[in-house]
Amino acid sequence: MPSTTRPGPARRLHRCSPLFAALLLLPAPIAARAQASRPAPLRPAPSRPAMAAADTAAAVLDSAPLFVRGRLIIVFRAPLGALTAPERAAAASARLEPIAAAEVAESVTARRIAEGMLVSVGPHGVFTITPADADTLRGETVGVLSAATVTRLRTALDAAREARSIPELLKGAALALVATLLFLLVLRLMYGGRRWLFLRLRAAEKRLRTLTVAGYKLISPERLLLFLRRAVDFSAWMLGLFLAYLWLAFVLTRFAYTRPWGEALGGYLTTTIGRLALGVVNGVPGLFTVVLIVVATRWGSGIVARTE
């Protein structure tokens with residue numbers, strides 16, 4: 001009688017393994033289709049400030065300044081034809097270099113053309129100002145920009161010729177020498193005035209030692225003298241630095257090469273003084289109110305003391 005043997009667990013598992021593999025691989029295409037059909041996440045649209053900042057950054061990158069002997073003439077803010085803004089600045093600088101080195105002074109003019117305003121030095125056209133070069137955020141127009149550019153270019157060319165003039169250099173050196181001597185003289189007078197004030201303070205210290213009220217000293221003479229000495233030293237230093245600033249700005253403006261630096265120093269000083277003066281003027285109403293409050297308080301205190 002033939003014997004029947006049942007297959008073992010290992011053989012049954014081996015027979016069912018293809019079926020298990022097919023079941024495991026079945027969800028993969030379904031998941032891929034679901035992933036493909038899922039809509040892409042929505043990205044927030046850029047805000048208006050971000051777009052404006054991006055436009056400003058792009059405009060800054062596309063702009064190119066034109067300098068003539070250290071002086072800013074114009075900032076090209078847009079391309080013209082096939083030339084980018086840096087290429088326009090380089091071409092204008094190359095045209096202006098031989099003109100700045102020439103000894104003959106020629107007129108600087110601007111006339112309207114189809115592209116904008118053509119700036120010329122004598123019969124030679126050097127560069128074109130387009131409406132896109134104007135800073136519209138500041139309300140600037142191409143006419144205003146061209147007039148300011150002509151003035152700056154004329155000043156730069158005159159300074160370039162002046163820098164090669166021996167009489168102008170000697171005149172500037174003489175004026176700088178006179179200003180230096182005056183500055184040193186003022187510093188000497190300030191030093192003498194400081195010593196005189198210290199002597200007066202020492203004389204006043206002897207009188208303060210004997211100043212008493214009901215047998216008590218109001219203030220310490222040593223501390224008062226130290227405070228006054230520090231105040232005099234601080235005032236002398238501040239005045240000396242201010243005079244040194246004025247002297248440096250004046251000397252730099254005597255020479256054409258260093259005149260832009262001197263003008264920058266003078267402009268900064270003028271702006272700072274104007275802001276301080278404006279702050280003082282704006283603070284006068286508040287100070288007047290404080291004075292009125294103090295006067296009213298003292299007046300009210302006097303009335304209360306008399307009624308008591």
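Here are two short exercises on a predicted model, each with a worked solution.

Residues are numbered from 1 along each chain as its sequence is written. In this predicted model, local features need pLDDT of at least 70 and side-chain atom pairs count only at pLDDT 80 or more, while totals for chains, interfaces and linings use all residues; side-chain values use heavy atoms, with hydrogens and water left out.

**Exercise 1.** Work out how β4 (117-121) is paired and covered.

*Solution.* Let's start with the pairing; strands are DSSP runs of E, at least two residues, numbered from the N terminus, and two of them pair if DSSP finds at least two bridges between them.
- Step 1: β3 (residues 108-112) runs antiparallel to β4, with 5 bridges, and T109 faces S120.
- Step 2: β5 is also antiparallel to β4, again through 5 bridges; here V121 is partnered by H124.
- Step 3: Look at the turns. G116 has a positive phi near 155 degrees in the β3 and β4 hairpin, and G122 has one of about 65 degrees in the turn between β4 and β5.
- Step 4: Check burial (under 20% relative accessible area, 1.4 Å probe, protein chains only). M117, V119 and V121 are buried on one side, L118 and S120 on the other.

**Exercise 2.** Find which residues F127 touches beyond its neighbours within four places in sequence.

*Solution.* Contact means heavy atoms within 4.5 Å.
- Step 1: From β4, the partners include M117, L118 and V119.
- Step 2: Elsewhere, F127 meets L66, I73, I74, F76, A92, L96, T149 and L153.

Definitions and conventions
Buried means under 20% relative accessible area, exposed over 50%, partly exposed in between (1.4 Å probe, protein chains only). Helices (H or I, at least four residues) and strands (E, at least two) are DSSP runs, numbered from the N terminus.
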